[in-house]
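Visitor: Hello! I am new to this one, so could you walk me through it and explain the words you use?
Guide: Gladly; let us look together.

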Amino acid sequence: MGRHRKQPATTVRRSSLIALTGLVPAGLVAVTAASTEATSTATAAVEHDLLPDIDPDEAGPELAASPLADIAEVAHAEARQSPSATPVVKTVALPGDRIAADIPAGPLGIPGIAVAAYQSAEEQLAVENPHCGMSWSLLAGIGRVESTHAFGKADADGNPIKAVYGPVLDGSLAGNNVIHDSDGGVLDGIGGYDRAVGPMQFLPETWQRYAADGNADGISDPQNLFDAALTAGRYLCDGGLNMRDLSQQSKAILRYNNSMAYVANVMAWSGSYSSGLAPKPQDLPRIH
């Protein structure tokens, strides 16, 4: 349910950063790093399991404080207020003459407003679901692979300068499933079929299930970086998963795309944002 692409069944190779075969139990789908086709940000789309069912393991130690907390503190202190219990789920219409946020970039050039959104989500999840141990860098890894952080351009409120949409899931794109309309076009702007929306690329039906108000404005908008980051965190943490455990972290990432190459890419970028060291080419296998 909610799958976008056909699930490959090929072998897994190791990269220098991630020993892929050690991250996920046998039986999960894997892909070959050397032979798959690259996925562009224009066609990257989520492959969400709407009802994950995974048993939790024991919680590990608390995460260390984020090195870029000052960016989130200055940019959006209000985003750490308690979000609305029942936010309005909608995409907010915004003027087209907005400008990108003027906030210093984070590690490897990641936009400062995106760092603020990811760190805000980490802080809120630490209170809401401390067992999960979500890190801002893991959310950043997802955001990098799915949309290059809203294509690197969002305003001071975390809204992309240009709305982010995935391909229409009408069967016309090879390898993608057909997903019929679930929201009447309210979130994805089209009828008949669905498409993934926002910088974290959620299907409308999945967004409705996990929708979070990351900036405490009473609205859960999949286009907004703060809302999308917190919603992605809730989605990844669902089912009692603990992100401190690499195996459970892999299971969570596979909800986005049932591909070990995708897992490798997300983890590589997550590690790079934490360390400030760019990932090596061999750590970024092609996703198909």
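Guide: This is a predicted model. A good place to start is helix 2, which passes helix 3 in a right-handed crossing.

Visitor: Which residues make the contact?
Guide: From helix 2 come Ala114, Val115, Tyr118, Gln119, Ala121 and Glu122, and from helix 3 come Trp136, Leu139, Ala140, Gly143 and His149. That contact divides into seven nonpolar residues, three polar and one charged.

Visitor: Why are helix 2 and helix 3 called oblique to each other?
Guide: The axes of helix 2 (residues 112-128) and helix 3 (residues 136-151) come within 9 Å and cross at roughly 140 degrees. Roughly antiparallel needs an angle over 145, and roughly perpendicular runs from 65 to 115. The crossing angle of roughly 140 degrees fits neither, so the two helices count as oblique.

Visitor: What makes the phi of Phe151 worth a look?
Guide: Most residues other than glycine have a negative phi. Phe151, in helix 3, has a positive phi near 60 degrees and is not a glycine.

Visitor: Why is Phe151 called partly exposed?
Guide: Its relative accessible area is 40%. Buried means under 20% and exposed means over 50%, so Phe151, at 40%, is partly exposed.

Visitor: How do you know whether Gln201 is buried or exposed?
Guide: Gln201 is found in the loop between helix 3 and helix 4 (204-210). Its relative accessible area is 1%, and the cut-off for buried is under 20%, so Gln201 is buried. Gln201 also has a positive phi, about 50 degrees, although it is not a glycine.

Technical notes:
Residues numbered from 1 in each chain as written. Predicted model: local features only at pLDDT ≥ 70, side-chain atom pairs only at ≥ 80, totals over all residues. Heavy atoms only, no water. Axes fitted to C-alpha atoms, helices over the stretch in contact; angles between N-to-C directions. Helix = DSSP H or I, 4+ residues; strand = E, 2+ residues; numbered from the N terminus. Parallel < 35°, antiparallel > 145°, perpendicular 65-115°, else oblique. Left-handed = near helix turned anticlockwise from the far one by under 90°. Contact = heavy atoms within 4.5 Å. Nonpolar A, V, L, I, M, F, W, Y, C, P; charged D, E, K, R; others polar. Buried < 20%, exposed > 50% of the residue type's maximum accessible area, 1.4 Å probe, protein only.
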